[in-house]
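Visitor: I would like to go through this protein step by step, with the reasoning behind each value spelled out. Could you show me the sequence and the structure before we begin?

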Amino acid sequence: MKKFSYLFASLFLLAACGPTATSGGGGADAGNKAEGDTIKVGMNMELSGGVSAYGNAEKEGIELAVEEINEAGGVLGKKLELISKDNKSENSEAASVASNLTNEDKVVAVIGPATSGATKATIPNMTKASVPLITPSGTDDSITTANDKVQEFVFRACFQDTFQGVILANFAQDNLKAEKVVLLGDKSSDYAIGLADSFKDTYKGEIVKEENFTAGDKDFQALLTKIKGLDYDVIYVPGYYTEAGLIIKQAREMGIDKPIIGADGFGDEKLVEIAGAQNVNDVYYTGHFSEKAPATDKVEPFVAAFKEKYGKQPSAFNALAYDSVYMLKQAIEDQDSADSASITKGLAELKDFEGVTGVMSMDKNHNPEKSAVVLGLTEGKETSAEPVNP
């Protein structure tokens with residue numbers, strides 16, 4: 001997810017009272033040090049603003065994981081101390097939060113942000129501080145690599161956009177037998193643009209029409225009128241739930257009943273709330289987690305614990321954020337150190353981590369190698385889940 005771009009990203013920072021963050025570049029003395037009785041972890045999340053549904057879902061997953069870890073004795077005998085901050089769904093605020101967490105709070109790592117744009121905005125400050133971040137749901141490819149160079153302190157728990165675009169193109173042509181597709185994309189979002197490009201590079205059929213909208217648009221009647229009478233099999237909407245929900249609602253109310261597919265930006269209950277459950281039929285999207293297709297044995301206990309704490313079913317964003325904390329825990333334990341430099345090394349070398357969203361190993365570009373699942377919705381309910389391996 002990005003903006004979430006899918007989407008995705010929360011900042012989890014670990015650090016305690018220690019020396020001021022140094023300039024980037026790695027090394028044994030770079031970053032913040034874990035001292036005292038706790039390990040300070042930062043959370044840089046979209047808790048208010050346009051995509052707050054993502055950030056608040058990830059906050060739930062993070063807090064559950066921290067609570068479980070602390071109840072079990074912590075990490076290396078120390079409790080995790082979570083320092084939560086709201087980036088207000090604004091990229092500039094996300095950058096400011098990153099600076100505050102690393103320089104003032106001295107966290108040793110950060111979880112978040114949830115969206116791609118916000119995550120990318122934090123990278124300069126995280127790199128300057130030599131403090132690692134894990135975005136649970138930031139899927140933009142350029143988050144972890146830029147100008148053919150790996151971002152040393154940036155990691156993610158989710159798969160990236162190019163992977164999602166390929167999966168959706170194959171699903172459209174192989175599962176839905178779609179020979180012709182209409183593409184409705186968000187021209188203002190790196191997330192949506194990346195998803196659209198990846199889909200177009202992979203899809204073997206014909207894209208009969210491509211139309212664009214901008215984040216924040218509410219009325220899609222004119223756009224949908226342009227495609228209503230065309231000959232096509234599937235509508236592809238790379239974007240977030242905010243606009244996708246309205247597109248689904250207005251399309252169905254206009255009598256457009258073609259399957260609608262999208263990426264992990266669809267993966268929030270607000271999509272159904274916006275669209276109306278009665279309109280969410282024949283809708284499919286790439287997801288990171290499903291109870292119907294459990295990726296590991298961790299899923300059942302996670303679902304039970306989440307329901308007990310929050311009284312509801314967990315979402316993919318809950319699960320990705322939960323995994324992000326446990327990825328951090330494993331990195332600390334593998335290196336036997338909770339200092340920023342050690343955590344960075346541990347995350348880069350993460351192997352066979354068994355999470356709720358799958359078994360994953362970090363590749364050379366700091367992306368997790370793991371499977372995805374394509375979820376199908378009928379009357380707003382998940383009615384199918386098809387695992388897809390990378």
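Visitor: How many of the 7 residues of strand β17 are buried?

Guide: This is a predicted model, and strand β17 covers residues 372–378 in it. A residue counts as buried when its relative accessible area is under 20%, and the strand is largely enclosed by the rest of the structure because the number of its 7 residues that are buried is 6.

Visitor: Which strands pair with β17, and over how many bridges?

Guide: Strands of a sheet pair through backbone hydrogen bonds, either parallel or antiparallel. Strand β13, residues 283–287, pairs with β17 in the antiparallel sense over 5 bridges, and within that pairing the bridge partner of Thr286 is Val374. Strand β18, residues 381–388, also pairs with β17 in the antiparallel sense, with Gly376 standing opposite Ser384. The partners are therefore β13, over 5 bridges, and β18, over 7 bridges.

Visitor: Which residue takes a positive phi in the hairpin of β17 and β18?

Guide: Most residues other than glycine have a negative phi, and most peptide bonds are trans. The hairpin has 2 residues between its strands, and a positive phi near 50 degrees is found there at Glu379.

Visitor: Where do Ser130 and Asp336, which also have a positive phi, lie, and is each of them buried or exposed?

Guide: Ser130 has a phi near 60 degrees and lies in the loop between α3 and β5, whereas Asp336, with a phi near 55 degrees, lies in the loop between α10 and α11. With buried meaning under 20% relative accessible area and exposed over 50%, the value of 1% makes Ser130 buried, while the value of 61% makes Asp336 exposed.

Visitor: Which peptide bond is cis, with omega near 0 degrees?

Guide: The proline of this bond, Pro113, is found in strand β4, which covers residues 109–114. The cis bond leads into that proline, running from Gly112 to Pro113.

Visitor: Which strands are at the edges of the sheet β14-β15-β16?

Guide: This is an open sheet of 3 strands with antiparallel pairing. Strand β14 is joined to β15, residues 358–362, by 3 bridges, and one residue pair across them is Glu354 with its bridge partner Val359 in β15. An edge strand here pairs on one side only, and the strands that do so are β14 (353–355) and β16 (368–369).

Visitor: How far apart are the closest N and O atoms of Lys120 and Asp190, and which parts of the chain does this pair link?

Guide: A salt bridge requires a side-chain nitrogen within 4 Å of a carboxyl oxygen, and the closest N and O atoms of Lys120 and Asp190 are 2.8 Å apart. Lys120 is partly exposed at 23% relative accessible area, and Asp190 counts as partly exposed at 44%. The two residues are 70 residues apart and link distant parts of the chain, namely helix α3 (residues 116–129) and helix α5 (residues 190–202).

Visitor: In which helix do Glu253 and Lys249 both lie?

Guide: Their closest N and O atoms are 2.9 Å apart in a salt bridge, and Lys249 is partly exposed with a relative accessible area of 27%. The two residues are 4 residues apart, about one turn of the helix, and that helix is α7 (residues 241–253).

Visitor: What is the N to O distance in the salt bridge of Lys345 and Glu349, and which residues do salt bridges with shared partners join into one network?

Guide: Lys345 counts as partly exposed at 42% relative accessibility, and Glu349 is partly exposed as well, at 41%. Their side chains meet with an N to O distance of 3.0 Å. Salt bridges that share partners form one network, and the residues joined in it are Lys120, Asp140 and Asp190.

Visitor: Which radius of gyration does the whole protein have, against the value for a compact globule?

Guide: The protein holds 11 helices and 18 strands, and its C-alpha trace spans about 65 × 40 × 35 Å along the principal axes. Of its 390 residues, 58% count as buried. For that number of residues a compact globule would have a radius of gyration near 21 Å, and the value for the protein agrees with this, being 20 Å.

Notes: Residues are numbered from 1 along each chain as its sequence is written. This is a predicted model: local features need pLDDT of at least 70, side-chain atom pairs count only at pLDDT 80 or more; totals for chains, interfaces and linings use all residues. Side-chain values use heavy atoms; hydrogens and water are left out. The radius of gyration is taken over C-alpha atoms; the globule rule is 2.2 Å times the number of residues to the power 0.38. Buried means under 20% relative accessible area, exposed over 50%, partly exposed in between (1.4 Å probe, protein chains only). Two strands pair if DSSP finds at least two bridges between them.
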